[in-house]
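Here is a brisk report on one protein chain. Keep the sequence and the model side by side while reading.

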Amino acid sequence: MRKTWARVAGAVVLAAISCAAQAQTTVEFKSITIVVGSSAGGGYDTYARVLARHIGRHIPGQPSVTVQNMPGASSLKAV
């Protein structure tokens, strides 16, 4: 039983070592639109605008982030 587990553990370690680590290329975004399903001035709108103000700095390409309000049908219009 111990030899079986040792072989499995050895195979896992060997597989982990043999896989070459490759860096992924980043995609740079130009613009991002956040759609809010309520009217302007509400709580969700305020949260989205605060997020939009700061999140662009943390995304590759530093895109411009805009907020679009689509009130109606209990936010189903935004979907």
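Helices (H or I, at least four residues) and strands (E, at least two) are DSSP runs, numbered from the N terminus. This is a predicted model: local features need pLDDT of at least 70, side-chain atom pairs count only at pLDDT 80 or more, and totals for chains, interfaces and linings use all residues. Residues are numbered from 1 along each chain as its sequence is written, and side-chain values use heavy atoms, with hydrogens and water left out.

**Overall layout**

The protein chain has two helices and two strands. Their order from the N terminus is α-β-α-β. Of the 79 residues, 15% are buried. Buried means under 20% relative accessible area, exposed over 50%, and partly exposed in between (1.4 Å probe, protein chains only). A contact means heavy atoms within 4.5 Å. Among contacts in the protein chain with a separation of 6 or more, 66% join residues 24 or more positions apart. The accessible surface of the chain is about 6700 Å², and carbon and sulfur atoms hold 61% of that surface. Accessible areas come from the Shrake-Rupley method with a 1.4 Å probe; for residues, only the protein chains shown count as cover.

**The core**

Which residues form the largest nonpolar core? There are six: Ile34, Val36, Ala48, Ala52, Val65 and Val67. The elements giving two or more residues to this core are β1 (31-36), α2 and β2 (64-69). Such a core is a set of buried Ala, Val, Leu, Ile, Met, Phe, Trp, Tyr and Cys residues joined through side-chain atoms within 4.5 Å. Ala48 touches Ile34, Val36 and Val67, leaving aside residues up to four places away in sequence.

Ile55 belongs to helix α2 (residues 43-55). Ile55 and Val65 lie ten residues apart in sequence, and their C-alpha atoms are 7.9 Å apart.

**Accessibility of single residues**

| Residue | Place | Relative accessible area |
|---|---|---|
| Val8 | helix α1 (residues 2-18) | 43%, partly exposed |
| Ile55 | helix α2 (residues 43-55) | 29%, partly exposed |
| Ser74 | segment after β2 | 74%, exposed |
| Ser75 | segment after β2 | 33%, partly exposed |

**Backbone after β2**

Most residues other than glycine have a negative phi. Ser74 has a positive phi of about 55 degrees, although it is not a glycine. Phi of Ser75 is also positive, near 75 degrees. Both serines sit in the segment after β2.
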